[in-house]
Amino acid sequence: MNIMSIEINRDMCIGCKKCAEVCPGSLISISANKAKIKSVERCWGCASCLKECPVCAISFFLGEDMGGLGGKMSVYKPNKNDTALHWFISLPDKTSRKIITDTKNANKY
Ligand code: SF4
Ligand code: SF4
């Protein structure tokens, strides 16, 4: 598994196509109204698709060699008009963390 790759939960996917539209590498396709990553090896982890998904169906792998402890990260925007992003990190030891960032302060991170 590529450490920078994503995983799409097809049961959660509602087929809105937003992830496919924003992926700069055109790596996501939609079939049978569900999203699928075409080539995980080519994903460079920009997280654009995660931020666009309205139902939190996309996770990003946090590789151990990146200090991510082999966990997964997803992101959710509770309010469509809000600038806050809620990042959820789940780790193999079953612990989790939540980080809230504000896109208004993007240049601070
Ligand atoms: S993380 Fe970036 S490069 Fe990878 S599939 Fe999502 S939008 Fe495309
Ligand atoms: S953005 Fe989310 S819900 Fe929409 S097609 Fe992609 S994975 Fe499915």
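This passage describes a sheet and a pocket in a predicted model. Residues are numbered from 1 along each chain as its sequence is written, and local features need pLDDT of at least 70. Side-chain values use heavy atoms, with hydrogens and water left out.

The sheet comes first. Five strands form an open sheet in the order β1-β4-β5-β6-β7, with antiparallel pairing; here strands are DSSP runs (E, at least two residues) numbered from the N terminus, and two strands pair if DSSP finds at least two bridges between them. At the edges lie β1 (6-8) and β7 (96-102), each of which pairs on one side only. On average, neighbouring strands of this sheet are turned by 25° against each other, direction ignored, with axes taken as lines fitted to C-alpha atoms. The edge strand β1 runs antiparallel to β4 (residues 58-62), and three bridges join the two. Within β4, I58 stands opposite I8.

Turning to the pocket, the largest one holds about 330 Å³ of space. A pocket is an open set of points on a 1 Å grid over the protein atoms alone, where a 1.4 Å probe fits, with protein on both sides within 12 Å along at least five of seven lines; its volume is the space filled by probe spheres set on the points. Its lining comprises 13 residues (each with an atom within 4 Å of a point), and K51, E52, P54, K77 and K80 lie nearest the centre. Helix α2 (48-52; helices are H or I runs of at least four residues) and β5 (71-76) each give two or more residues to this lining, with the largest share, three residues, coming from α2. By class, the lining divides into six nonpolar, two polar and five charged residues, where Asp, Glu, Lys and Arg count as charged, Ala, Val, Leu, Ile, Met, Phe, Trp, Tyr, Cys and Pro as nonpolar, and the others as polar.

Terms used
Chains lettered and ligands numbered in written order. Predicted model: local features only at pLDDT ≥ 70, side-chain atom pairs only at ≥ 80, totals over all residues. Axes fitted to C-alpha atoms, helices over the stretch in contact; angles between N-to-C directions.
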